[in-house]
Amino acid sequence: MTSESRLYTFSPETRDKLRKFRLGTSRVSTPQAVIYLIDKKHLEIKPHEDAEVYTTLAALADELPEHAPRFVLLSYPLTLSTGRQAAPYVLLSYMPPTTNSELRMLYASARELMRNTAEVGRVIEVANEEEVLGVEEVLRG
């Protein structure tokens, strides 16, 4: 067991939501994104309080805070240059440049645990609204 898995926790409800989201977004026709945060007091990784599912990168970017990191699970359906349909399931590690060092360390040390628990294939680091909006290009490339 890694030290991260002893430090950070997921409630059974959160683990269930992670699994349902992953399974439920594998064949979607619109983007699906949910925001997760770390409760500093209990070191619990949990969904953002409103647990809304965002269907556009613009709506997602508007919801992300300017000075605090977040984890975002994203299933993004697209047509590849070969004509094949794909829906990459990725973790966006959102870390604004204005984030304080304590939060930077907290989220950086939990990233791999979040990646493994959510069973995503790839982590994409984003730091601002522009980079969030450019995720489709990253996924195509």
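Rings of Phe, Tyr and Trp count as a pair if their centres lie within 6.5 Å, and a pair is called tilted when its planes are neither under 30 degrees apart (stacked) nor over 60 (edge-to-face). In this predicted model, the structure holds two aromatic pairs.

One of them joins Phe 21 and Tyr 89, with 6.2 Å centre to centre and 45° between the planes, a tilted arrangement. Phe 21 belongs to helix H2 (residues 12-24) and Tyr 89 to strand S6 (residues 89-94), so this pair ties together parts that are 68 residues apart in sequence. Phe 21 counts as buried, at 10% relative accessibility. Tyr 89 is buried as well, with a relative accessible area of 13%.

The rings of Phe 71 and Tyr 107 have centres 5.1 Å apart and planes at 50°, so that pair is also tilted. Here strand S3 (residues 70-75) supplies Phe 71 and helix H4 supplies Tyr 107, so the parts tied together are 36 residues apart in sequence. Both Phe 71 and Tyr 107 are buried.

The backbone has some points to note in its loops. Glu 119 is not a glycine, yet has a positive phi of about 60°. Glu 119 sits in the loop between helix H4 (101-118) and strand S7 (122-126), and is partly exposed, with a relative accessible area of 48%. Leu 43, also not a glycine, has a positive phi of about 55°; its place is the loop between strand S1 (32-39) and strand S2 (44-47).

As for annotation, an unreviewed UniProt entry places the feature "domain: ADF-H" at residues 6-141. Over residues 6-141 the chain is 38% helix and 24% strand, with the end C-alpha atoms 36 Å apart.

Terms used. Residues numbered from 1 in each chain as written. Predicted model: local features only at pLDDT ≥ 70, side-chain atom pairs only at ≥ 80, totals over all residues. Heavy atoms only, no water. Helix = DSSP H or I, 4+ residues; strand = E, 2+ residues; numbered from the N terminus. Buried < 20%, exposed > 50% of the residue type's maximum accessible area, 1.4 Å probe, protein only. UniProt positions renumbered as here; feature names shortened; annotations may be inferred. Phe/Tyr/Trp six-rings, centres within 6.5 Å; stacked < 30°, edge-to-face > 60°.
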